[in-house]
Every structure is written in structure tokens, then in C-alpha cells.
Amino acid sequence: MYVSNLDFHTSEDDLRKLFEAFGRVSSAKVITDRETGRSRGFGFVEMSSETEASAAMKKLNGTEVGSRAISITVAREKENRQDKKRW
């Protein structure tokens with residue numbers, strides 16, 4: 001699952017605990033900036049069953065965590081860019 005609009009102080013442990021109320025969490029990752037090490041405000045959570053993940057998404061989507069209402073969607077594979085230029 002892709003979890004966005006995370007409070008910048010949300011840790012991976014916080015994210016894991018939030019989702020563990022709905023079942024077994026396989027992994028919880030908060031994405032950080034490479035240079036500063038600060039949270040980028042989003043992360044990913046994997047759960048052991050689709051049923052548990054679906055329940056977590058329904059109950060937690062839009063709830064306030066820290067000072068922000070989080071958004072949860074099904075994570076998609078990163079698309080390959082044909083053009084690797086940044087400009």
C-alpha cells in the first residue's frame with residue numbers, strides 16, 4: 001500500500017504500529033530524502049494478507065495521524081521512463 005500525506009515526524013515504527021491493528025505487517029517503510037535523511041511525507045506498507053490490507057485501507061484512509069489526514073491507495077510498480085532526461 002502507498003501511504004501519502006504522512007506527518008514528517010512519522011517513523012517506520014509508528015507506521016507499522018498503526019497498521020498492525022488490522023493484521024500482520026510484513027514491512028513498513030517511510031521514504032526519506034537521500035541528502036537530508038528527512039521524511040518525504042510518504043511510505044509503503046505490506047501486509048501478509050489482502051483481506052487485512054483491504055480492511056486497513058478502508059478504516060485508515062482519511063484518518064488523522066499526527067497533524068495530517070493520511071491517504072492510502074494500492075501501490076503500483078514504478079513506471080520506466082523512456083526519456084531519462086530531467087529537462
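**Figure 1. Four strands make one open sheet in this predicted model.** Start with the order of the strands: going across the sheet, you meet β2, then β3, then β1, then β6. The pairing is antiparallel. At the edges sit β2 (25-32) and β6 (71-73), and each of these pairs on one side only. The sheet isn't flat like a tabletop: on average, neighbouring strands are turned by 20° against each other, ignoring direction. What holds strands of a sheet together? They pair through backbone hydrogen bonds, in either a parallel or an antiparallel way.

**Figure 2. A look at the whole chain helps to place the sheet.** The protein chain has 2 helices and 6 strands. If you follow the sequence, the pattern reads β-α-β-β-α-β-β-β. Along the principal axes, the C-alpha atoms fill a box of roughly 45 × 25 × 20 Å. How much of the chain is buried? Of its 87 residues, 28% are buried. Take the contacts with a separation of 6 or more: 53% of them come from residues 24 or more positions apart.

**Figure 3. Strand β1 has a partner strand in β3 and another in β6.** Strand β1 covers residues 2-4, and 3 bridges link it to β6 in the antiparallel sense. Another 3 bridges join β1 to β3, again running antiparallel. On the β3 side, valine 3 stands opposite glycine 43. On the β6 side, which residue is the bridge partner of serine 4? That's serine 71.

**Figure 4. Zoom in on serine 4, a residue of strand β1.** Is serine 4 buried or exposed? Its relative accessible area is 17%, and anything under 20% counts as buried, so serine 4 is buried. Leave out residues up to four places away in sequence, and serine 4 touches Gly41, Phe42, Ile70 and Ser71. You've already met Ser71 as its bridge partner in β6.

**Figure 5. Strands β2 and β3 form a hairpin.** Count the bridges here and you'll find 6 joining β2 to β3, which run antiparallel. One facing pair is threonine 32 and serine 39, the serine being in β3. Between the two strands of the hairpin there are 6 residues. Glycine 37 takes a positive phi near 80° in this hairpin.

**Figure 6. Valine 30 is a buried residue of strand β2.** Why does valine 30 count as buried? Because its relative accessible area is 4%, and the cut-off is under 20%. Leaving aside neighbours within four places in sequence, valine 30 is in contact with Leu6, Thr10, Ser11, Glu12, Leu15, Ser39, Phe42 and Gly43. Look at glycine 43 in particular: it's 13 residues from valine 30 in sequence, but C-alpha to C-alpha the two are 4.2 Å apart in space.

**Figure 7. Two helices meet the sheet.** Helix α1 (residues 12-20) lies across β1, β2, β3 (39-47) and β6. It runs at about 140° to β2. Helix α2 (residues 50-60) packs on the sheet too, touching β3 and β6. The direction of α2 makes about 150° with that of β6.

**Figure 8. Two loop residues get their own close-up.** Asparagine 5 lies in the loop between β1 and α1. Its phi is near 65°, which is a positive value in a residue other than glycine. At 33% relative accessibility, asparagine 5 is partly exposed. Now hop to the loop between β3 and α2, where you'll find serine 49. Serine 49 is partly exposed as well, with a relative accessible area of 25%. From serine 49 to serine 26 is 23 residues in sequence and 9.4 Å in space, C-alpha to C-alpha.

**Figure 9. Here's the largest pocket, with a volume of about 370 Å³.** Among the residues lining the largest pocket are Tyr2, Ile31, Arg40, Phe42 and Phe44. The lining also includes Thr73, Val74, Ala75, Arg76, Glu77, Lys78 and Glu79. Which element gives the most to the lining? It's β3, with 3 residues. Sort the lining by class and you get 6 nonpolar, 1 polar and 5 charged residues. Phe42 may look familiar: this lining residue is also in contact with valine 30 and with serine 4.

Notes:
Residues are numbered from 1 along each chain as its sequence is written. This is a predicted model: local features need pLDDT of at least 70, side-chain atom pairs count only at pLDDT 80 or more; totals for chains, interfaces and linings use all residues. Side-chain values use heavy atoms; hydrogens and water are left out. Two strands pair if DSSP finds at least two bridges between them. Axes are lines fitted to C-alpha atoms, for helices over the stretch in contact, and angles run from 0 to 180 degrees between N-to-C directions. Contact means heavy atoms within 4.5 Å. On a 1 Å grid over the protein atoms alone, a cavity is a set of points where a 1.4 Å probe fits but cannot get out, and a pocket is an open set with protein on both sides within 12 Å along at least five of seven lines; lining residues have an atom within 4 Å of a point. Grid points are joined across faces, edges and corners, and a volume is the space filled by probe spheres set on the points. Ala, Val, Leu, Ile, Met, Phe, Trp, Tyr, Cys and Pro count as nonpolar, Asp, Glu, Lys and Arg as charged, and the others, Gly among them, as polar. Buried means under 20% relative accessible area, exposed over 50%, partly exposed in between (1.4 Å probe, protein chains only).
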